[in-house]
Amino acid sequence: MNLSSRILPPDNIALDLAATSKKRAFEHAGLLFENNQGVARMSVFHSLLARERLGSTALGHDVAIPHGRLKDLREPHAAFIRLANPIRFDANDGRTARLLFFLLMPEAATQTHLDLLAGIARLLSDAQVRHTLAHSTDPQEIHQLILGGGAAQPTDHADHPRTDPR
């Protein structure tokens, strides 16, 4: 995955955010991107909502990858938000999400967008990664796990041993 600290700075990780709906989570993401990258929060909100209208970005396992394109954006930006409680992400299929990986892309970055989405989806398909993302209280550990593509290990090995995927 081509995710770097420039795309996902540590300040773009928020843990146990209280949001009661998908729209509220998108508003929080907009505020985060506005405060940390200077991207207008309403532009973020509308971009994420427009993409979500095309189809839910929930993947199952309480994971979603809301993403959008912005015309004036020069480089990709990402954020990870763990919600305090899962929210219904799509009324039609009943899927919930608690681990939200937000991705904002420049309008013209088609292949980069697809590569980043694929890398994030691959990372989040790992049950141990999801477990660490859901339970770690250390934003730095989460940051390293994401940037390392799942290479970081949970700090409490005795409580949560790595399971053999076979």
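The exercises below deal with confidence, aromatic pairs and nonpolar cores in a predicted model.

Residues are numbered from 1 along each chain as its sequence is written, and side-chain values use heavy atoms, with hydrogens and water left out. Local features need pLDDT of at least 70 and side-chain atom pairs count only at pLDDT 80 or more, while totals for chains, interfaces and linings use all residues.

**Exercise 1.** State the mean pLDDT of the chain and find where pLDDT stays under 50.

Solution.
- pLDDT is the predictor's confidence in each residue, from 0 to 100.
- The chain has a mean of 86, with 87% of its residues at 70 or more.
- Over residues 152-166, pLDDT stays under 50. The model has 13 contacts (heavy atoms within 4.5 Å) for these residues beyond four places in sequence.
- Where pLDDT is low, the predicted coordinates should not be read in detail.

**Exercise 2.** Describe the aromatic pair of F26 and F89 and place both residues in the chain.

Solution.
- Rings of Phe, Tyr and Trp (its six-membered ring) pair if their centres lie within 6.5 Å; planes under 30 degrees apart count as stacked, over 60 as edge-to-face and the rest as tilted.
- The whole structure contains 3 such pairs.
- In one of them, F26 and F89 are edge-to-face, at 6.2 Å centre to centre and 70 degrees between the planes.
- F26 belongs to helix α1 (residues 22-37), and F89 to the loop between β5 (77-88) and β6 (96-106); the two are 63 residues apart. Helices (H or I, at least four residues) and strands (E, at least two) are DSSP runs, numbered from the N terminus.
- Buried means under 20% relative accessible area, exposed over 50%, partly exposed in between (1.4 Å probe, protein chains only). F26 is buried because its relative accessible area is 0%, and F89 counts as buried at 1%.
- Ring pairs join F26, F89 and F102 into a cluster.

**Exercise 3.** Identify which members of the largest nonpolar core touch the most other members, and which elements supply the core.

Solution.
- A nonpolar core is a set of buried Ala, Val, Leu, Ile, Met, Phe, Trp, Tyr and Cys residues joined through side-chain atoms within 4.5 Å.
- Among the 25 residues of the largest core, F33, F89, L100, F102 and L104 touch the most other members.
- Two or more residues come from each of α1, α2, β5 and β6, and α1 gives the largest share, 5 residues.
- Beyond four places in sequence, the contacts of L100 include A25, A64, F80 and F89.
- A second, separate core has 23 residues, including L8, L99, L117 and L123.
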